[in-house]
Amino acid sequence: MAKLYLYAACFSASFTILLTAAAAQDAALLKQAQEIFQPLSEDLASAGLPTTRERIELGRSLFFDPRLTIDANMSCSSCHQPAFYGTDALPRAIGVKQRPHPRNAPTVLNTGALQIVHWRGDRDSLEDQVAKAVTSPITSGQPDEKAIIDRLSHVAGYTPLFAAAFPNDSQPITIENIAKAISAYERSLLTPSPFDAYLAGNQEALSPAARAGLAKFINTGCVTCHNGVGVGGGIYQKFGVVEDYWNATGSDPIDKGRAEVTKDPADLYVFRVASLRNVAMTPPYSMTGRWQPCRKP
């Protein structure tokens, strides 16, 4: 009997040691993750760009309204569909009159939290991206800004919405305000996840398997590119380092990436690293909609 008690005591002590070691490992992993990633903010507004209820309401109406485009048959939501988590599930987006976009349409979910807007970083802000999209020959097809403003001005319902969203403007229906309103709506499209609760300190928000995957994600080096609040979306990287870089179709002229923006040969085939938030629901991946390894296996 004494031996039995001794064995039990030894087992209990060993089990306690194992639990203590596991708890220490979990605490160390959480601390490491908090240094690499940041949780989504509950509000992405700023003093100069408030996400008021009125701006979000107006932005939502504009986002789903096809009347911004030349043939009134496409809207922002055509390429950024709620059913596909803010994407269109196509390798490359299709614009007005079946005009192909040169790149994949990234999700608009959580896009207000990203540091870099657009695959090549050729937009100054989310508002700049929207303004250029609504006047793009591919995205909207409208001949000029006046055509867009004239069309919206003849939709009676928009006059009070713009007035409420921009009460200090004598002529509130402008491209700048259209961009601010749609951006305010997009900044509200946040998808906090268990990972955010984990980063806030709740270790149990992630399952043991998920925590093991996080440790491997960190130790493998994935966090070199995929970090920050977007788990990516904050830096540029060059395609074609491991394997020859290809384009979306295999026949079109290859996309030169950021080099076309900066005119710097060092930026040839350089693109924004994709955010991994909601990644399981937003294929196909990368700016061409094709898969390419980021490093050798």
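Mentor: Before we start, a cut-off we'll need: buried means under 20% relative accessible area. And keep in mind that this is a predicted model.

Trainee: Got it. Is Arg120 buried or exposed?

Mentor: Take the cut-off of under 20% for buried. Arg120 comes in at 14% relative accessibility, so it counts as buried.

Trainee: What does the side chain of Arg120 meet in a salt bridge?

Mentor: Look for a carboxyl oxygen within 4 Å of a side-chain nitrogen of Arg120. There's an N to O distance of 2.9 Å that fits. This partner has 17% relative accessibility and counts as buried. The residue you're after is Asp122.

Trainee: How far apart are the closest N and O atoms of Asp122 and Arg123?

Mentor: Asp122 forms a salt bridge with Arg123 too, and both of these residues are buried. For that pair, the closest N and O atoms are apart by 3.2 Å.

Trainee: Which residue is linked with Arg120, Asp122 and Arg123 in a network of salt bridges?

Mentor: You've already met the pair Arg120 and Asp122, and the pair Asp122 and Arg123. The network of salt bridges has another member, and that's Glu260.

Trainee: Over to helix H5: how many residues apart are Asp150 and Lys146?

Mentor: These two form a salt bridge, with the closest N and O atoms 2.6 Å apart. Asp150 is partly exposed at 31%, while Lys146 is exposed at 56%. Both sit in helix H5 (residues 145–153), separated by about one helical turn, because their spacing is 4 residues.

Trainee: And how many salt bridges does a search of the whole structure find?

Mentor: We've gone through a few, including Asp150 with Lys146. Searching the whole structure gives 15.

Note on methods
Residues are numbered from 1 along each chain as its sequence is written. This is a predicted model: local features need pLDDT of at least 70, side-chain atom pairs count only at pLDDT 80 or more; totals for chains, interfaces and linings use all residues. Side-chain values use heavy atoms; hydrogens and water are left out. Buried means under 20% relative accessible area, exposed over 50%, partly exposed in between (1.4 Å probe, protein chains only). Helices (H or I, at least four residues) and strands (E, at least two) are DSSP runs, numbered from the N terminus.
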